[in-house]
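This report covers one helix, the internal cavities and the aromatic pairs of a single structure. The sequence and structure come next.

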Amino acid sequence: MEKRLKGSCTTILVGKKASIDGSTIISRNDDGHEALDPEKFVVINPADQPRHYQSVISGVKVELPDNPLRYTSIPNSILTNGIWPAAGINSDNVAMSATETITTNSRVMGIDPYVAGGLGEEDLVTLVLPYIHSAKEGVERLGSLLAQYGTYEPNGIAFSDNNEIWWLETIGGHHWAAKRIPDDAYVVAPNRMNIDDFDFNADDTLASDDLKDLIAKYNLNPDFDGVNLRHIFGSATDKDTVYNNPRAWFGQKYFTPDVEHDPQDQDLPFICHANRKITIEDVKYVLSSHFENTKYDVYGDGSESDKTKFRPIGINRNHDVHILQIRNNVPDSIAGIHWLAFGANTFNTVVPFYANVDDTPAAYKDADGTFNLNHMYWLSCTTALLGDTDYDLYVDFRNTFALEAMGAYRKIQNDTDAAIANGADVKILKEANEKLSNESFTRQTKLLGDMVTFGSEHMKLRYNLND
């Protein structure tokens, strides 16, 4: 199997009664091992979906059905290691994000080892999203594929439709467990096994047929009472206390500030409830965060030890952030919104692209491995790089940009929604996406230009005389 260095991500899930407008929301930072790994935003039409799939990394071959749905996708631009579609929304308004790399322990690996020739993050969206008509059906299809082919890595995968959100975590080579997220709840999931309390007999859980028996047979449960899957199948390592747990802590601190936790706590809850309804802007803020207003802020005034102690959520290895929103207050034809931004999240904004289209704007779909400021991926990465050189100098530019850009995007979206409600043809959605792309590109270019102009006056390479 070809070796690929693993990256890491952060996931946020928001139930329909926890969001401000009754939408379901699944979102994730798609982080890599390398700081740069170009991605693009495309639509996979049924004619373009493979029928005979073969993984690049593991070589596994999977025969696929003849009736795929159309879906949005965020694949790698350079296909050396395969497609890596990351996330998308299909034409039945079902969304999927894959994957959040998670953790395991030696007890599990001794029972059900990984399968070198199995499935992995490279493959899952391609094999599942085009064939499912509900979030729960996504869990069931992926579960059957895991049982048949196995996996070579531990992952968490999110599914949503307009009504439900399901979260699945793989266990060992062939096993898995999934939980429906309560409608009034949210989840912040870093790179660890996240599901805690689990009831095999509940209506809101699914699992491998023999998972409960496996726990009993091999004496896997360390607790005296109850079933906590994170305790049974996950990790509680020193790395978790600095790499994973603090990210969950910060997200929970932001959404539920009245609940006090320690950032290194190994038992931060999986299912949480916010003190207000959650917006897209809230989700983007947390997925861009670097422990703002704490001593752990990378750009803050804490000690160097504190500022480098924890792994931030927004990081140079963010390749995209996607927020997949399935709305309930609009017609089905415009329910799916694929919010998207590229590059490190500190100096970008998410754009609300309509998913019910057969193509995407050139600035978002044509990036390759050659640096080119005409492509949003490279433009966003460049802006973030300059911002990183002096965050305090540039952050006000970023704040003004984000406020004004999001307002402009929402105006385009509101106008388009109204046109559809008044009987306009859905063909206008592609035009709306072009408007959104142009607006985003123009504003991102202006942000970079403003930063260059202002920053030039503050370069160290200068010498002032009164002449």
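## Basis

A cavity is a set of points, on a 1 Å grid over the protein atoms alone, where a 1.4 Å probe fits but cannot get out; lining residues have an atom within 4 Å of a point. Grid points are joined across faces, edges and corners, and a volume is the space filled by probe spheres set on the points.

The model is predicted: local features need pLDDT of at least 70, side-chain atom pairs count only at pLDDT 80 or more, and totals for chains, interfaces and linings use all residues. Residues are numbered from 1 along each chain as its sequence is written, and side-chain values use heavy atoms, with hydrogens and water left out.

## Cavities

There are two cavities of 30 Å³ or more. The second largest has a volume of about 30 Å³ and is lined by Val 108, Ile 111, Asp 112, Ile 171, His 175, Leu 214, Leu 220 and Phe 233. Its lining has six nonpolar, one polar and one charged residues (nonpolar: Ala, Val, Leu, Ile, Met, Phe, Trp, Tyr, Cys and Pro; charged: Asp, Glu, Lys and Arg; polar: the others, Gly among them).

The largest cavity has a volume of about 40 Å³. Among its lining residues are Phe 342, Tyr 364, Ser 440 and Gln 444. Strand S15 (336–342), H10 and H12 each supply at least two residues of this lining (helices, H or I, of at least four residues and strands, E, of at least two are DSSP runs numbered from the N terminus). The lining holds four nonpolar, five polar and no charged residues.

## Helix H12

H12 covers residues 428–456, and its end C-alpha atoms are 42 Å apart, which agrees with the 42 Å expected for 29 residues at 1.5 Å a residue (1.5 Å times one less than the number of residues).

Ser 440 and Gln 444 are buried in H12 (under 20% relative accessible area, 1.4 Å probe, protein chains only). What covers the buried residues of H12 includes strand S16 (351–354), helix H9 (362–365), helix H10 (376–389) and helix H11 (391–421) (contact: heavy atoms within 4.5 Å).

## Aromatic pairs

The whole structure has 20 aromatic pairs (ring centres of Phe, Tyr or the six-membered ring of Trp within 6.5 Å). The rings of Phe 353 and Tyr 364 have centres 4.8 Å apart and planes at 75°, so this pair is edge-to-face (over 60 degrees). Phe 353 lies in strand S16 and Tyr 364 in helix H9, so the pair ties together parts 11 residues apart in sequence. Both residues, Phe 353 and Tyr 364, are buried.

One aromatic cluster is formed by Phe 41, Phe 342, Phe 353, Tyr 364, Phe 371, Tyr 377 and Trp 378.

Methods. Buried < 20%, exposed > 50% of the residue type's maximum accessible area, 1.4 Å probe, protein only. 1 Å grid on protein atoms, 1.4 Å probe; cavity = no way out; pocket = protein on both sides within 12 Å on 5 of 7 lines; lining within 4 Å. Phe/Tyr/Trp six-rings, centres within 6.5 Å; stacked < 30°, edge-to-face > 60°.
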